[in-house]
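The report that follows describes one protein chain, moving from its overall make-up to individual residues. Please keep the sequence and the three-dimensional view at hand while reading.

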Amino acid sequence: MSYCLNPKCPNPSDPANAERSVCRHCGSGLLLESRYRLVQPLGGGGFGKTYEIDDRGQRKVLKVLLKDHPKAVALFKQEADVLARLRHPGIPKVERDGYFIYSPADSAEEFHCLVMEKIAGANLQDWLKSRGKPITQEQAVEWLKQLAEILDQVHRLQYFHRDIKPQNIMCKPNGQLVLIDFGTAREVSATYFAKVGQGQNVTGIVSPGYSPPEQTNGKAVPQSDFFAMGRTFVYLLTGKPPTAFPENPRTGKLMWRKGAPHVSDAVASVIDYLMAPFPGNRPQNPQMILQCLADIDLTGDAGPSTTQLPGGSQNKGKGNTNSPVTARSNSGTKLKAPTKITPTKIKRNPPKLKNALLIGAALLLLALGGSQVYSSVRYGFFASPAWLLSSFPSSQFLEKSFTDVGIVNAIALSPDGQILASGSFGTIRIWNLKTGKLLRTINGVHSKKWVKTLAIAPDNRTLVSGGDDNNISIWNLRTGKVIRTMSGHKGGVNAIAISRDGQVIASGSDDKTVCLWNLKTGSRMRTLSGHNAQINALVFSRDGQTLVSGSEDKTLRLWNFTTGKLKTILKGHAGAVKALAISPDGQTLASGSSDNTIRIWNLKEGKSMKTLDGHSSWVRTLAISPDGKILVSGGGKVIVWNLRRGREKIILQGHNMFVNAIAISPDGKSIITGSPDETIKIWKMP
């Protein structure tokens, strides 16, 4: 069968269309994107429908958005982007080219389409109804582990789902759970945290009985997913929706345990831990959930124990239901909760432990000593081997940390390396980099909206900022006084770059344009148009001949900024271009993307030389050392690369959230990183 996607087709299911490429009734194409043939409708509601399709012999699902509502389109595109970057058996697989737009014949209408893996099975609500009874606690523990591992993948990409419930979890015939419907997923961005931190509501997604209190109030956080996950297992273990159980009026806890007499205190307490009314009392990441589950013993060999919860409270008996404890189920099975390790347990076999440590230390010293002797003979100096450097804790490279600096969205370092500027919500802070002293705070900037980008001119006296108010401001760095503000963009300013001679400012905006300004007069020189989406990054070449722009449209454009003419377009990224950097010799261009990769380009030839893989989430910021040998990239983690070899040297770990701003000191000895975790960190160059 070949079903016609045109909603206005008079006979979309005509069997005579089976082998045709064009519908015999309306003339619309039947072979979408030259490969997808609709087999049959699967369902629909609201703004969309789903269809089973044939992709060259393989059955998949096509999700179609039938209404061109801006918010619906944005959520639909977001789902496509998130799923295309996730690879896990518990998440529907979507290829990079799985999103496309379809137009019927003789029609101006556009329908947004997304092709994804077809999941065999039923959602957990339908599955439990057909089963006719609640699941066992053994099944609950297994599925809790599966969902925690799935959420670990999602949260590592700085997203959270926001609508976990039985209807959005599929069960394959082999028992593998699959989390679906990522249209409501939300990025954990700096803007998001600013809204929540200032008491602003964000778009509400509420599923009664499953959404936590903070989400109902428009202030969801990543830990909101855990609450919904716990409520989902209340349904699975009792066969009743969470709304069927009362809440303790004093504590807000759900009183559900009597509805699941077959569940031990150990398992039930983990679920209560997930459902804590306050987000700070829940697990703070999926790994904490997995640790709690790993410590539950379902073999029946466990004895009484004392449980130490992440919050520090202890549980010594079955009567306390605030944390997982040792208990006995109705069937008599003993269940062991996370056990606090005591010194007496560690001393049970000290000789073996001591010997193992001594042997390990000796082998490490032998390897290090051998490598140093070889280095001194072969090269004339002592050098630590690369494998040993990578194995050291990155904390050894941390020199200092500035705290309570607000959610850092941008940083800029003066060319002389003396002054550091950081931008937050409506605030710019100026620091003495060497002493760490806060020199001044400028409040109320950019109409009390986000400072999204900063740059310091070669004169070391002029700071330029761009913000969510669509404007560019020029500041006296020493006094903190505004010199002038330039207007011209129709969207927020995401990127600022200053030419090496200090004469020209380039600004990139949500309005898809790049504007060039005279720094001294503030007059607009020209506007560069051509990108199909917002501009995220800008950088001038060292010879002053080329301006490079990176966009959400996945391309880089090279401009002759003196004439405004486009020189070339570079393609290769599968996601938005988020960051750019050019080597001091002007030969090498690096670009970072939401496809989690870094591409290294020959700038003069416009050719991609290599791709660096190492990030598990967006690459948001890049910097190249003054000698051109080191590339530092920031995203979910900070990676220091050997730029010439394209190899990872070391990962700098210390921020509690993603890093969205990086600078390298002029002497190449220090790396500065900024993050929404409200810290700026200074690292020694590894």
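Contact, as the word is used here, means heavy atoms within 4.5 Å.

## Tryptophan 256 and the nonpolar core

In this predicted model, tryptophan 256 touches Val234, Leu237, Thr238, Phe245, Ala268, Ile271, Asp272 and Met275, when residues up to four places away in sequence are not counted. Tryptophan 256 also belongs to the largest nonpolar core, a set of 60 residues in which Phe233, Trp256 and Ile271 have the most contacts.

## Overall make-up

The protein contains eleven helices and 43 strands, and buried residues account for 52% of its 686 residues. Of the contacts between residues at least 6 apart in sequence, 48% join residues that are at least 24 apart.

## Glycine 259 and its loop

Glycine 259 is found in the loop that runs between helix H6 (224-238) and helix H7 (265-274). Because its relative accessibility is 29%, glycine 259 counts as partly exposed. Leaving out residues up to four places away in sequence, glycine 259 touches Leu237, Thr238 and Phe245, and each of these three names also appears in the list of residues touched by tryptophan 256. The C-alpha atom of glycine 259 is separated by 8.3 Å from that of lysine 240, a residue 19 places away along the chain.

## Helix H8

Which residues of helix H8 (residues 286-294) are buried? They are Pro286, Ile289, Leu290, Cys292 and Leu293. Seen down the axis of H8, these buried residues fall within an arc of 160°, so they line one face of the helix. The buried residues of H8 pack against helix H3 (137-156), H6 and H7, and H6 and H7 are the two helices that flank the loop holding glycine 259.

At the N-terminal end of H8, asparagine 285 acts as a cap, with a side-chain oxygen that lies 3.1 Å from the backbone nitrogen of glutamine 287. Cysteine 292, one of the buried residues of H8, has a relative accessible area of 6%.

## Cysteines and disulfides

How many disulfides does the model have? The count comes to zero, where a disulfide would require a pair of cysteine sulfur atoms within 2.5 Å. For cysteine 26, the closest cysteine sulfur is that of cysteine 4, and because the two lie 3.6 Å apart they are too far from each other for a bond. Cysteine 26 is buried, with a relative accessible area of 19%, a value that falls under the 20% cut-off for burial.

## Strands E5 and E6

Strand E5 (residues 99-102) presents two faces, a covered one formed by Phe100 and Tyr102 and an uncovered one formed by Tyr99 and Ile101. E5 pairs with strand E6 (residues 111-117) in the antiparallel sense, over four bridges. Isoleucine 101, which sits on the uncovered face of E5, has histidine 112 as its bridge partner in E6.

## Serine 414

Is serine 414, which lies in the loop between strand E17 (410-413) and strand E18 (419-424), buried or exposed? Serine 414 counts as buried, because its relative accessibility is 2%.

The side chain of serine 414 is joined to the side chain of aspartate 416 by a polar contact of 2.6 Å. Beyond its neighbours within four places in sequence, serine 414 is in contact with Ile419, Ile456, Asn460 and Pro666.

Key: Residues numbered from 1 in each chain as written. Predicted model: local features only at pLDDT ≥ 70, side-chain atom pairs only at ≥ 80, totals over all residues. Heavy atoms only, no water. Buried < 20%, exposed > 50% of the residue type's maximum accessible area, 1.4 Å probe, protein only. Polar contact = N/O pair within 3.5 Å; in protein donor to acceptor, adjacent residues only side chain to side chain. Pairing = 2+ DSSP bridges. Arc of directions from axis to C-beta. Core = buried A, V, L, I, M, F, W, Y, C linked by side-chain atoms within 4.5 Å.
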